[in-house]
Structures are given as structure tokens and as C-alpha cells.
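Colleague: Could you take me through one part of this model closely, with the cut-offs behind each term you use? I would like a single connected account.

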Amino acid sequence: MEMQERYAKIKAALIEEKGVDPIRILKNIASKDFVSLHGPEHHFLDGGALLAALHNAGMDFDLPLLLDRLSERSTKMPGAMCGHWGVCGSVASIGAVFALLEGTGPLSKDEAYSDHLSFTSNCLARMAKIGGPRCCKRNAFLVLEEAVAHVKSRFGIDLKIEEPIVCHYSPKNPDCKKRACPFFA
């Protein structure tokens, strides 16, 4: 299945979601056969899960439109960014969501520009402490966990996530860090 087809299926699934827990939304969609265990689908899905949760929590924006814009940005991110570029695609996805929501760009001079960079750098620092190899599910959980706290402080929106976040993908992932992962079941 081509990536455009995967993204279209992810978008449709995101629009159908009704919850306000971005990790639950991510897990619901990541369990579908059109989402790989690891792959660039997460560059769209992770940010899309946050957008869906925010929209469902009452934040006023056109969800299909912002999903399309996120998709455009996500398709420019190559797979294996974490290892080849030193930047996780999940982090870039959530950073893109904040930029879309606040209308920032490379010439922005307001506090949002700095705020987005601070958020993404904090996420990357947390990932760096865990180390490799990559795990798209672990990184998605970590970034969305950080995003929920960020959204509360930045926008005053209280998204609820399940406690604790537990990963059930370990048996499918031969590179799982097991107990070294904060989400290991």
C-alpha cells in the first residue's frame, strides 16, 4: 500500500475518533493493518491524534483542513529521521501541529516560535536519555504524554490520558528495549 493511501486511511480514522485521549486515539488507529509498527505513518498519525483529541475537546478549528496541512508537512519527512537526521518524526509531527494551531512560520517573532522549539527540544532530550534503537510507539507515547502537559499549560485544555501508559507492541518488536522502556508492559 502506498503512503498516500495509508495517510488517507489514517485521516479518515482520525476524523471518526470521538475521544479526547490522544494516546487512546493513536492506539486505536495504530492497531489497523494500514499502520506499520515502525514507519513514516507516525509522522502524520502522531500529530493527527493530538489534533483529533484537541478538536474533540472543543478547540475550534477545521479538523479536516488541519489534517490535510499536517499531511502535506508529514510527507516531506523521510522515514528513519531519528537515525539519519537526529530528529524524531513524532516530535516533528507534534511541533508541526503547534505551528499549525498558532500560525507560526520561520519568520515568526512571537513567543510561540520559541515555545515550539522548547517543547520539541524537551521531547528530544527525553528520548536521548532512553536511547536507541528507535521505536515509533515508544516515541509516540512519550511525545504525546509531553504534549498533553504542554497543551494544558499553553492553551488551558485538559486532555486526559490513560494512566499508566502501557505498550502492548513489545511482542511484535524484536528491538524492544523491554524494561529500559518506560512503557513496557
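Modeller: What follows is a close look at helix α2 and its surroundings, and then at the helix that comes after it.

This is a predicted model, in which local features need pLDDT of at least 70 and side-chain atom pairs count only at pLDDT 80 or more, whereas totals for chains, interfaces and linings use all residues. Residues are numbered from 1 along each chain as its sequence is written, and side-chain values use heavy atoms, with hydrogens and water left out.

Helices here are DSSP runs of H or I with at least four residues, numbered from the N terminus. Of the 9 residues of α2, 7 are buried, so this helix is largely enclosed by the rest of the structure; buried means under 20% relative accessible area, with a 1.4 Å probe and protein chains only. The buried residues are Pro22, Ile23, Ile25, Leu26, Lys27, Ile29 and Ala30, and they pack against α1 (3-16), α3 and α8, where contact means heavy atoms within 4.5 Å.

Turning to the partner α3, the axes of α2 (residues 22-30) and α3 (residues 42-56) come within 8 Å and cross at roughly 130 degrees. That makes α2 oblique to α3, since oblique covers whatever is left once angles under 35 degrees are called roughly parallel, over 145 roughly antiparallel and 65 to 115 roughly perpendicular. The axes are lines fitted to C-alpha atoms over the stretch in contact, and angles run from 0 to 180 degrees between N-to-C directions. On the α2 side, Pro22, Ile25, Leu26, Ile29 and Ala30 take part, and they meet His42, Leu45, Asp46, Ala49, Leu50, Ala52, Ala53 and Asn56 of α3. By class, this contact of α2 with α3 has 10 nonpolar, 2 polar and 1 charged residues; Ala, Val, Leu, Ile, Met, Phe, Trp, Tyr, Cys and Pro count as nonpolar, Asp, Glu, Lys and Arg as charged, and the others, Gly among them, as polar.

The loop between α2 and α3 holds glycine 39, which counts as buried because its relative accessibility is 14%.

Helix α3 also packs with α4 (residues 63-74), at an angle of about 160 degrees and with the axes 10 Å apart, which means that α3 is roughly antiparallel to α4. Here His43, Phe44, Gly47, Gly48, Leu51, Ala52 and His55 of α3 meet Leu63, Leu66, Leu67, Leu70, Ser71 and Ser74 of α4. By class, the contact of α3 with α4 has 7 nonpolar, 6 polar and no charged residues.

Note on methods
Helix = DSSP H or I, 4+ residues; strand = E, 2+ residues; numbered from the N terminus. Buried < 20%, exposed > 50% of the residue type's maximum accessible area, 1.4 Å probe, protein only.
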